[in-house]
Amino acid sequence: MLHCMEPKAEEDALSPEPQRRSICSNCDRPTRVCLCHALPFPPIQTATRILIVQHPHEARHKLSTTPILNKSLLRASSVTSRRLRHGLSPILDRSPAALYLFPSSSSSTTPALHISAVRPSADLVLIAFDATWQHAREMVRASEDFLSGFATRVCLDVDESVGGGSIYDSELILRKEPFAGCVSTMEAVARALRVLEPNGPEIEEKLVGVLREMVRLQAGFLKPVKPRPKLLKKKTEENEKKEGS
């Protein structure tokens with residue numbers, strides 16, 4: 001028995017180790033999809049401070065836009081956690097004037113104000129949650145006790161009754177979104193800064209440009225996204241109810 005295993009062990013010892021992907025030291029992405037040429041240099045200066053709260057699962061996702069936001073915006077930073085609490089972020093421990101970006105739902109205890117109704121103030125902090133829709137909802141719910149003392153809940157246009165497309169619908173095909181109006185974290189921040197910053201449209205255009213390039217590069221290495229079975233089933237049931245009524 002031992003004699004039979006020895007040749008295999010010798011073969012494994014002689015076989016070359018699997019080659020690791022080459023990673024760009026600046027943008028921290030594989031060199032085949034390096035984004036350095038698209039990143040704004042110097043990083044974009046904003047009056048608003050941006051804090052991204054990233055779910056631990058999302059931190060391992062190859063399409064997470066949080067690292068790109070941190071590279072693109074001078075005043076952007078991120079923490080990885082399932083909820084916000086004292087001691088996690090020195091910025092938030094000071095209880096600054098803040099907005100946290102997440103829409104209201106039927107089960108929300110805190111209604112969201114549309115961001116267009118917000119009057120920007122000095123040293124404002126914008127908080128965005130980077131996670132799947134379900135995880136983000138859980139993160140917001142777990143963080144609201146902490147945020148309620150100093151932050152206002154705000155939203156973009158999201159409609160949970162309408163099925164969502166991919167990021168940018170026809171253009172960006174990488175990740176299926178659950179509802180109409182859902183966007184990637186990077187696009188959500190870009191839309192918010194459009195409203196909050198004096199040169200908001202210019203900032204939004206630059207960030208969207210980086211996101212477009214990221215998707216263009218990544219699309220060549222991914223299979224086309226397939227609709228989520230649960231969402232398809234739900235949408236089919238809703239259509240059948242409408243037809244039967």
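Is arginine 32 buried or exposed? Arginine 32 is exposed, because its relative accessible area is 58%. Here exposed means over 50% relative accessible area, buried means under 20%, and partly exposed lies in between (1.4 Å probe, protein chains only).

This is a predicted model, where local features need pLDDT of at least 70, side-chain atom pairs count only at pLDDT 80 or more, and totals for chains, interfaces and linings use all residues. Residues are numbered from 1 along each chain as its sequence is written, and side-chain values use heavy atoms, with hydrogens and water left out.

**The chain**

The chain has 245 residues, and 42% of them count as buried. It holds eight helices and eight strands. These are DSSP runs numbered from the N terminus (helices: H or I, at least four residues; strands: E, at least two). The chain exposes about 14500 Å², with 53% supplied by carbon and sulfur atoms. That area comes from the Shrake-Rupley method with a 1.4 Å probe.

Contact means heavy atoms within 4.5 Å. Take the contacts between residues at least 6 apart in sequence: 74% of them join residues at least 24 apart.

**Confidence**

pLDDT is the predictor's confidence in each residue, from 0 to 100. Its mean over the chain is 80, and 71% of the residues reach 70 or more. Two stretches fall below 50.

| Stretch | pLDDT | Contacts in the model |
|---|---|---|
| Residues 1–11 | under 50 | zero beyond four places in sequence |
| Residues 159–181 | below 50 | 71 beyond near neighbours in sequence |

**Two residues**

Arginine 32 sits in the loop between helix H1 (2–14) and strand S1 (49–54). Leucine 217 is 185 residues away from arginine 32 in sequence, yet their C-alpha atoms are 8.2 Å apart in space.

Threonine 66 belongs to helix H3 (residues 66–72). Threonine 66 counts as buried because its relative accessibility is 1%. Leaving out residues up to four places away in sequence, threonine 66 touches Ile52, Gln54, Ser78 and Asp130.

**A pocket**

The second largest pocket has a volume of about 330 Å³. It is lined by 18 residues, and the closest to its centre are Arg21, Arg29, Pro30, Lys62 and Gln218. The lining has 10 nonpolar, three polar and five charged residues.

Terms used: 1 Å grid on protein atoms, 1.4 Å probe; cavity = no way out; pocket = protein on both sides within 12 Å on 5 of 7 lines; lining within 4 Å. Points joined across faces, edges and corners; volume = space filled by probe spheres on them. Nonpolar A, V, L, I, M, F, W, Y, C, P; charged D, E, K, R; others polar.
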